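Trainee: Before I use words such as buried, contact or core, I would like to know what each of them rests on. Could we go through the labels one by one and set each value against its rule?

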Amino acid sequence: MCKPNEIKHVCIVGAGPAGLLAAVLLLRRNEQLTKYRVTLVDPGTDYGKLGEDGLHRNRSWMIGLSAHGLSAIRTVPSLYEDYIHGLGVDISCATIGISKSLKLTYDAKDFLPEDSSFTVDRNYICAALSRYLNENFEGDDAFTSHYHTRALYVDGERKCVVARPTNEEDIRIDYDILLGCDGIRSIVRNAFINNHRDFEFELKGTFSYGKSVHVPLPDGIEDGNFMFINNALPGWASFILPETGKMLNVALGTSLDKECPAELKSDDPKVVSEYFKKHFHAFDIDADEAGKQWVTQGWNTISQVHCNFYHSKKINALLLGDAAHATSPQIGQGMNTALADAAVLNALLDESKDNWEAVLPKFSEQRVKEGNALTDLSFYTFSLSPAMQVKLMFGQMLRRKLHFLLPSVFDNDPMDEVARGGKLSEAYHRMSELGIIQKVRLANDSVIRDHFERNVGMVRDSGKRSFTKKVVLYGLPIVCAVAFGMNKRA
């Protein structure tokens, strides 16, 4: 570990939201005295140097930027006002569709503070953060960026990262501090596995697949209307987010144990379009446009990451963002939590006066519970059982209504508090007190395990057992146990 007064060389692997904001915050700590030299490594493009057309061609997926993420961004003066504001669409209302005939719409003011939540393309946020970096620190000796450069592995003993620029020789980047912001397939996290026997790490899918399409905002739908529609297509749920330019991002997904309709597997846009016209009920969608986009895409799957700690004193490293807690998008807090990771790191540096020896374990102490709460709230507050999911939605509506009528008697729904900036770990605690996490975990894990066992052939359908077989399998052990007990008494 470097001495407190030495300049620390920080290598940040990954130029996503967490990595970019961490770079900004570290370089801003050099305002009075140079404390940090930051090297940023990423295999992709510097979105901050793309024009409007180039960025539009590189759009990714719409996500919600809300209290946790906005609070982190606002720790940097003018970053929100000059670079972020106006990139997305403010949430004005939310529609929850329980069934085809039952849809409820809530005014955003009822559950969100003013100017606290909007939807935006993930890469637009990366571009804004990168522009801030380039405009304020490009050319500064304290900042070096290596885009189109893939980090290959971490040598924890020598404190270096080996990386491979496109069409060039490998390079070695020495570091004092290493920040792993390199996503779900993190090479920094691999170094944790190689250096810590007690490091527990889990990467698993969310048991779902789907696609998303960008369609024009239809008549009758307010711009800024977020929607969650149960059974938007038969057996398929839909998250619908507003986009800039009077558009909607319609994400549709279903679980792996459900057979995909033949029409949605078709490579003929007309077949897909007809299926949308017949079944999609959230609103009057441009089915022809949806069909054209649908057939050009592969199937999307999402995975989650759980880790039992996020720091390593042995290799002087931290995990942030998806490297630590990749999650499904159901509660819309993935990027927000990643940005909050960077802000918490900066706050800990303030608190400890840049003493990384103290910062590393404190980061895990504060963020592991938030990261694991994030992933579990995302997966265990939505049920893979359709019947249970309807009950969960009714329960949430009931809690909201009771709180509205008698706020001094009934608490607000825990998930609504997250949108307002409440801690994820507190929401997890309260959802556990309600018994929701436990019930959904049991249901979801049972569905996933049953599907796996049948899919690989561990369990198979063998038809109904005969009466004789049932007697032998179930009755005989009982008879033997009774007989044994009677014999023992005698």
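**From value to label**

Trainee: What does Pro 234 touch, if residues up to four places away in sequence are not counted?

Mentor: In this predicted model, Pro 234 touches Tyr 275 and His 279 once those sequence neighbours are set aside. Touching is a matter of distance here, because a contact requires heavy atoms within 4.5 Å.

Trainee: Where is Pro 234 found, and why is it called partly exposed?

Mentor: Pro 234 sits in the loop between β15 (225-233) and β16 (236-243). Its relative accessible area is 42%; buried means under 20% and exposed means over 50%, so a value of 42% makes Pro 234 partly exposed. As for its place in space, Pro 234 and Gly 291 are 57 residues apart in sequence and 17 Å apart from C-alpha to C-alpha.

Trainee: Is Leu 252, with its 3% relative accessibility, buried or exposed, and how do you know?

Mentor: The limit for buried is under 20%, and Leu 252 has 3%, so it counts as buried. This residue belongs to strand β17 (residues 247-255).

Trainee: What is in contact with Leu 252, leaving aside neighbours within four places in sequence?

Mentor: Among its contacts are the aromatic names Tyr 209, Trp 236, Phe 276, Phe 280 and Trp 294, and the list also includes Gly 210, Lys 211, Ala 232, Leu 233, Ala 237 and Ser 238. Asn 231 is a useful point of reference, as it lies 21 residues from Leu 252 in sequence and 9.5 Å from it in space, C-alpha to C-alpha.

Trainee: What makes Pro 361 partly exposed, and where is it found?

Mentor: Pro 361 is part of helix α12, and its relative accessibility is 27%, which is why it counts as partly exposed. Apart from neighbours within four places in sequence, Pro 361 has contacts with His 311 and Lys 313.

Trainee: What is notable about the phi of Ser 78 and of Asp 354?

Mentor: Ser 78 is not a glycine, yet its phi is positive, at about 75°; Asp 354, also a residue other than glycine, has a positive phi near 65°. Ser 78 is in the loop between α3 (67-73) and α4 (79-84), while Asp 354 is in the loop between α11 and α12.

Trainee: Are Ser 78 and Asp 354 buried or partly exposed?

Mentor: Ser 78 has a relative accessible area of 31%, so it is partly exposed, whereas Asp 354, with 7%, is under the 20% limit and is therefore buried.

Trainee: Which residues of helix α15 (residues 424-433) are buried, and what covers them?

Mentor: The buried ones are Leu 424, Ser 425, Ala 427, Arg 430, Met 431 and Ser 432. Their cover includes α11 (334-352), α12 (356-380), α14 (414-419) and α16 (436-456). Just after α15, Gly 435 has a positive phi of about 85°.

Trainee: What makes a group of residues a nonpolar core?

Mentor: Its members must be buried residues of certain kinds, such as Ala, Val, Leu or Phe, and they must be joined through side-chain atoms within 4.5 Å. The largest such core has 86 residues, and Ile 12, Leu 65, Leu 179 and Trp 356 have the most contacts inside it. A second, separate core has 26 residues, including Ile 221, Cys 260, Val 272 and Phe 276.

Trainee: What does Leu 179 touch, not counting residues up to four places away?

Mentor: Its partners are Val 10, Cys 11, Ile 12, Val 13, Ala 22, Leu 26, Leu 318, Leu 320 and Leu 345.

Trainee: How do you know whether the chain as a whole agrees with a compact globule or departs from it?

Mentor: For 490 residues, a compact globule would have a radius of gyration near 23 Å, and the chain has 25 Å, which agrees. Buried residues make up 50% of the chain, and 71% of the contacts with a separation of 6 or more are between residues 24 or more positions apart. The secondary structure comes to 17 helices and 20 strands.

Notes
Residues numbered from 1 in each chain as written. Predicted model: local features only at pLDDT ≥ 70, side-chain atom pairs only at ≥ 80, totals over all residues. Heavy atoms only, no water. Helix = DSSP H or I, 4+ residues; strand = E, 2+ residues; numbered from the N terminus. Rg over C-alpha atoms; globule rule 2.2 N^0.38 Å. Buried < 20%, exposed > 50% of the residue type's maximum accessible area, 1.4 Å probe, protein only.
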